[in-house]
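Me: Please take a close look at one part of this predicted model, the side chains that hold opposite charges together, and then follow the connections outward into the elements around them. I would like one connected account with the values included.

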Amino acid sequence: MHSTQKSQGDGSPPPETGLWGWLNRRAGLDTLLRTALYEPIPGGARLAYVFGSGLLFIFISQIITGVFLALYYVPSADHAHTTVAYITKAVTAGSFLRSLHAYGSSAMVIVLLLHLSQTYIYGAYKGRRELLWLSGCALFGLVMAMAFTGYLLPWDQKAYFATAVGTNAASEIPWIGESLKRMMRGGTEMGTLTISRFFVAHVFLIPACIFALVASHIFLFRKAGAAGPVNENPYEPKQKPELFYPRQVFMDLSLTALLIIGLGLLCFFVPMQLGPPANPADAQYIPRPEWYYLPIFQWLKYWHGAASVVGVLILPTVLALAIIALPFLDRSIERRPWKRPVAMGAYAFLLFALLGLGLRSQYADKHDPGVARQLAKQKTEEEEYMRKPFEPELSSASLAAANVALADPLAAKGKAIFEAQSCNACHGDGGVGTAAAPALAGIAAKSPPDQLAELLKHPTAKMNAGGMPAVDLPPDDLKALIAYVESFK
């Protein structure tokens, strides 16, 4: 008590008490907060500076929602879709959580593009900020890789075929394309190894790199200092600074609140869809990537054969290198956009080129009757699947069929014929149904054996339109096949 009173008599503040005081004396929390909140901003706070904080919030949100999703997810071709369906249809608030993670991916791309655009237009890469720009470009690449690897994980029709197109596009890169494709897929075809590799990259490798780059990006930003408004000198700021707290903190928190409200409303009223499980045998499915990869998808359509070297390798590489090397190419201190016509013209050209490619892809789909019809059919199948209740991986129909096949030699023979004729490729193992063909459970109750035999030998027009071929088997084999189909209860 005496020492405390003495320190107060000397004019020094009394020691802090409680948990905060205990932590502060050991970790220096007050110093940390002052360093974070009292950063000087030349020219004062601006709404244009909020995107960095918005990105940090979305990234933290993605980590939190991703951890909860990973508690249920199993990265294998047999279980991936079932676990995502369980999250979406059975887990309390699972659909909302998954939607928040999926929409958060798009939100992160949007806010990152806005952040890069603001940096470019304001000339905030100038001065001693070369490393800051390079780390930002690396973060952009990692975010796009994060979106690509996460897209496959639901293992539904859309995820499977869109990723198949993406990995096939990688094979177009001369010399290393095929090796890159096999490395991503874990072989020549997509399966459990593909999911496992994408899962490890999405959950461990890429986030670890993002964490490291975010830390270095913040360090480099604090080292270089805020660039300030466009009329500020990038090397020696002269305008009166304003501290980050409170005005800029309030603006950043306002954007965070808008993101929370916007994403929450979107997830509640327009939950993310999940399509039927991936069926590699479906030759009719037309894949389309997410909106942020649509311009690249359309661009690749224009380059084939020998010309693919130019369109797939040379031009993208030159563009990427030009963007990365921007602080080294543009060394003037002029930052005002209206005084940089070449830089602004290049930005406008690239922006409208990307928008034009994306709109061209959508226009072509809508004005091709066959493609538009198939895309509408796929959308309907997604909606129908979402309305169905959750079913475990092995349905009662497939279990009953397996048990009957073990007990009845005729049904066992029919099971072998069912698989040899590739009936399970469309109707699924045990006749559980897929996106390509309906389930066969209960069909024996609707049609007697003679009628089933007639339908198999002479499918109806509707069955033919759905891709059902006529079954041409000897009478004994046909009888065995019908015995197996009748076991689907």
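**Lys158 and its surroundings**

Reply: Lys158 counts as partly exposed, at 21% relative accessibility, which places this side chain just past the 20% under which a residue is called buried. Its partner in a salt bridge is Glu382, with an N to O distance of 3.9 Å. Lys158 belongs to helix 8 (residues 157-170) and Glu382 to helix 16 (residues 369-387), so the contact ties together parts of the chain that are 224 residues apart in sequence. Glu382, for its part, has a relative accessibility of 9% and counts as buried. The distance deserves a careful reading, because a salt bridge is accepted here when the side-chain nitrogen is within 4 Å of a carboxyl oxygen, and the pair of Lys158 and Glu382 has a value of 3.9 Å. As the model is predicted, side-chain atom pairs of this kind are counted only at pLDDT 80 or more.

This pair belongs to a set, since a search of the whole structure finds nine salt bridges. Another of them joins the side chains of Glu130 and Arg331, with 3.0 Å from N to O. Glu130 lies in helix 7 (residues 130-152), while Arg331 lies in the loop between helix 14 (326-329) and helix 15 (341-366), so this bridge ties together parts that are 201 residues apart in sequence. The two partners also fall into separate accessibility classes: Glu130 is buried, with a relative accessible area of 17%, whereas Arg331 is partly exposed, with 43%.

A third bridge, between Glu419 and Lys415, is of a local kind. The closest N and O atoms of these two residues are 2.9 Å apart, and both residues sit in helix 18 (residues 409-420), where a spacing of four residues separates them by about one helical turn. Glu419 is partly exposed, with a relative accessible area of 38%, and Lys415 is likewise partly exposed, with 27%.

From here it is useful to return to the stretch that leads into helix 8. Trp155 lies in the loop between helix 7 and helix 8, and its phi is near 55°, a positive value in a residue other than glycine. The side of the matter that concerns the solvent is plain, for Trp155 is buried, with a relative accessible area of 6%. A comparable backbone feature follows helix 18: Ser422 is found in the loop between helix 18 and helix 19 (423-427), and its phi is also positive, at about 60°, although Ser422 is not a glycine. Ser422, at 42% relative accessibility, counts as partly exposed.

One further backbone detail concerns a peptide bond. Tyr245 and Pro246 are joined by a cis peptide bond, with omega at about 15°, and Pro246 lies in the loop between strand 2 (241-243) and helix 11 (247-269).

Helix 7, which carries Glu130, also takes part in a helix crossing. The axes of helix 7 and helix 10 come within 9 Å and cross at roughly 160°, and these two helices are therefore roughly antiparallel to each other. Their crossing is left-handed.

Helix 10 (residues 192-224) has a second crossing to consider, as its axis and that of helix 4 come within 13 Å and cross at roughly 150°. That makes helix 4 roughly antiparallel to helix 10, given that angles over 145 degrees are counted in this way. The crossing of helix 4 and helix 10 is again left-handed.

Helix 4 leads in turn to the surface. A nonpolar surface patch of about 750 Å² is made by Leu56, Ile60, Ile64, Phe68, Leu71, Tyr72, Tyr86 and Ile218. Helix 4 (residues 51-70) supplies the largest share of this patch, with four residues. Leu71 is found in the loop between helix 4 and helix 5 (80-89), and at 64% relative accessibility Leu71 counts as exposed.

A last point of reference is Gln118, which has its place in helix 6 (residues 94-121) and counts as buried, at 12% relative accessibility. The C-alpha atoms of Gln118 and Val310 are separated by 30 Å, with these positions 192 residues apart along the chain.

Notes: Residues are numbered from 1 along each chain as its sequence is written. This is a predicted model: local features need pLDDT of at least 70, side-chain atom pairs count only at pLDDT 80 or more; totals for chains, interfaces and linings use all residues. Side-chain values use heavy atoms; hydrogens and water are left out. Buried means under 20% relative accessible area, exposed over 50%, partly exposed in between (1.4 Å probe, protein chains only). Patches are made of residues with over 30% relative accessible area and no salt bridge: like charges are joined within 9 Å, nonpolar side chains (Val, Leu, Ile, Met, Phe, Trp, Tyr) within 5 Å. Accessible areas come from the Shrake-Rupley method with a 1.4 Å probe; for residues, only the protein chains shown count as cover. Axes are lines fitted to C-alpha atoms, for helices over the stretch in contact, and angles run from 0 to 180 degrees between N-to-C directions. Angles under 35 degrees count as roughly parallel, over 145 as roughly antiparallel, 65 to 115 as roughly perpendicular and the rest as oblique. A crossing is left-handed if the near helix is turned anticlockwise from the far one by less than a right angle, and right-handed if clockwise.
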